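Reader: I have a new model on my screen and would love a friendly tour of it. Could you take my questions one at a time?

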Amino acid sequence: MASTRKGTTNDGKVFYEIRISRGRKLPAYSERWYPESTWSQKTIDKELAKVTADLERQAAEGTLLTLKERKAAEAAAAAEAAKIQTFSQFCEKVFYPSIAITGARSTLSTYKRDLNTHVFPTIGNMRITEITPAVLTALLLSLQAKLAVGTCQKIYTTMHTVFSMAYRQDTIDRNPMDKVQRPRPRKDEIQDEEAKAYEEDEIIRIIDLVNKLSLKWKTYIHLLIDTGCRRGEALGLRWCDINFEEESIVFAHNLCVTPEDGIYLDTPKGKKARTVYVDHDVMELLQELKKSRKVMDVSGKGYVFTRSDDSLEPIHPRYVNNYFIRFGKRHEIDQFHPHKLRHSYASISLRNGADIASVSQNLGHASVNTTLRTYTHSSKEGQKKAHATFRAALQETQTKTQTKTQT
């Protein structure tokens, strides 16, 4: 149960005190939330509701801790860390519990999978204080001989995160990963930048093919193309998140799946809800989909994309991947998957003049650097234009030189 109270600081700044009940056995949690001074009351109420809902979710999951509780948990972790001898013991007793509190469940699941599968068999039983950069380098090189560079780079990041935590908690006196080089592509691994995103003409072809699908899949794929949202954000969309009048959508949830938890609803990757504006044609598809639904949740919290018209259950995330694979093979579309449509949205928008801040906001990135680093690549037309610019510059200089010589 949550309650809010408006207040003002001594210097006149408005804040809202959010108080969350955590049951009889735990004291209530409270924190101050400060709205932007330029926001209208309507915007304040909307954003306050989102923050409150997120805190209630954390309380329900048991991850909402007071400052005193966090310090106690850190002290307990430090005491536990002092007993640790092996790398796997540190992960099980300190690293995993810490990520369970501060990170997403999908992140924890990924860390466990990578470490259990690729790291523990080699260094799991080694004393964490005796693991050297040479040992870690040898491990990564052995993995790179059989895994793609992208997978090895993710494992490298996971290992760096573990050892960084061990260093901060004085379990080790230095981070050996600081001296380990990040994996680079093998000579036989061709890095095809164009494979990361589709060109404009490819998107047009995909749209033409998608328009022949059932209403549900046509709407779902059009939404991914038009907004660049993540697979799970579209699957977690509820009817109450759609403003048909303003033709906008609030992406406030992410439908996730892990082996440990199955399907569950989480916050978006950046932990913040965001509003995006949607093309009129896509909004019409959503309206049509809503009218076709045989069963509806009267609260408005029902999922937009369900297993069938007479079901309230969301589509399984893995089923989406399988559907995309089958569709891509049937129509000979290279590497057709939801995240490639996200790449395409960002790349096409940026190279056609959209400002980086707005694209980053639409994608839900915490930093514009993430957008630039991850979602941009050169296009065929862009490469031709760059080459033409280069040749034109040379031609202009050559012409000037010839004119001077003749005079």
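Author: Happy to. One definition to begin with: helices, of at least four residues, and strands, of at least two, are DSSP runs numbered from the N terminus. Please keep in mind that this is a predicted model.

Reader: Then where is the place of Ser311?

Author: Look at the two helices on either side, α10 (280–292) and α11 (317–331). Ser311 has its place in the loop between α10 and α11.

Reader: Is Ser311 buried or exposed?

Author: Buried means under 20% relative accessible area. Ser311 has a relative accessible area of 14%, so the residue is buried.

Reader: Which backbone nitrogen lies 3.0 Å from a polar atom of the side chain of Ser311?

Author: A polar contact is a pair of N or O atoms within 3.5 Å. The partner of the Ser311 side chain, at 3.0 Å, is the backbone nitrogen of Glu313.

Reader: On to the aromatic rings. How are the rings of Trp217 and Tyr220 arranged as a pair?

Author: Both residues lie in helix α8 (residues 215–227), three residues apart, about one turn of the helix. Planes over 60 degrees apart count as edge-to-face. With ring centres 5.8 Å apart and planes at 85°, Trp217 and Tyr220 are therefore edge-to-face.

Reader: How many residues apart are Tyr220 and Phe305?

Author: Tyr220 counts as buried, at 1% relative accessibility. The rings of Tyr220 and Phe305 have centres 5.1 Å apart and planes at 85°, so this pair is edge-to-face. It links distant parts of the chain, helix α8 and the loop between α10 and α11, and the two residues are 85 residues apart.

Reader: Which residues form one aromatic cluster?

Author: Trp217, Tyr220 and Phe305, which we have just met, belong to it. The full cluster is Tyr198, Trp217, Tyr220, Phe305, Tyr319, Tyr323, Phe324, Phe327 and Phe336.

Reader: Which ring does the charged end of Arg105 sit over?

Author: For a charge to sit over a ring, CZ of Arg must be within 6 Å of the ring centre. The charged end of Arg105 is 3.8 Å from the centre, and the ring belongs to Tyr264.

Reader: Last, the open sheet of three strands: which are its edge strands?

Author: The order is β4-β5-β8, with antiparallel pairing. Strand β5 (residues 248–251) pairs with β8 over four bridges, and Val250 stands opposite Thr275 in β8. Two strands pair on one side only, and these edge strands are β4 (242–243) and β8 (274–277).

Notes. Residues are numbered from 1 along each chain as its sequence is written. This is a predicted model: local features need pLDDT of at least 70, side-chain atom pairs count only at pLDDT 80 or more; totals for chains, interfaces and linings use all residues. Side-chain values use heavy atoms; hydrogens and water are left out. Buried means under 20% relative accessible area, exposed over 50%, partly exposed in between (1.4 Å probe, protein chains only). A polar contact is a pair of N or O atoms within 3.5 Å; within protein, one must be able to donate a hydrogen and the other to accept it, and residues adjacent in sequence count only if both atoms are side-chain atoms. Two strands pair if DSSP finds at least two bridges between them. Rings of Phe, Tyr and Trp (its six-membered ring) pair if their centres lie within 6.5 Å; planes under 30 degrees apart count as stacked, over 60 as edge-to-face and the rest as tilted. A charge sits over a ring if NZ of Lys or CZ of Arg is within 6 Å of the ring centre and within 35 degrees of the ring normal.
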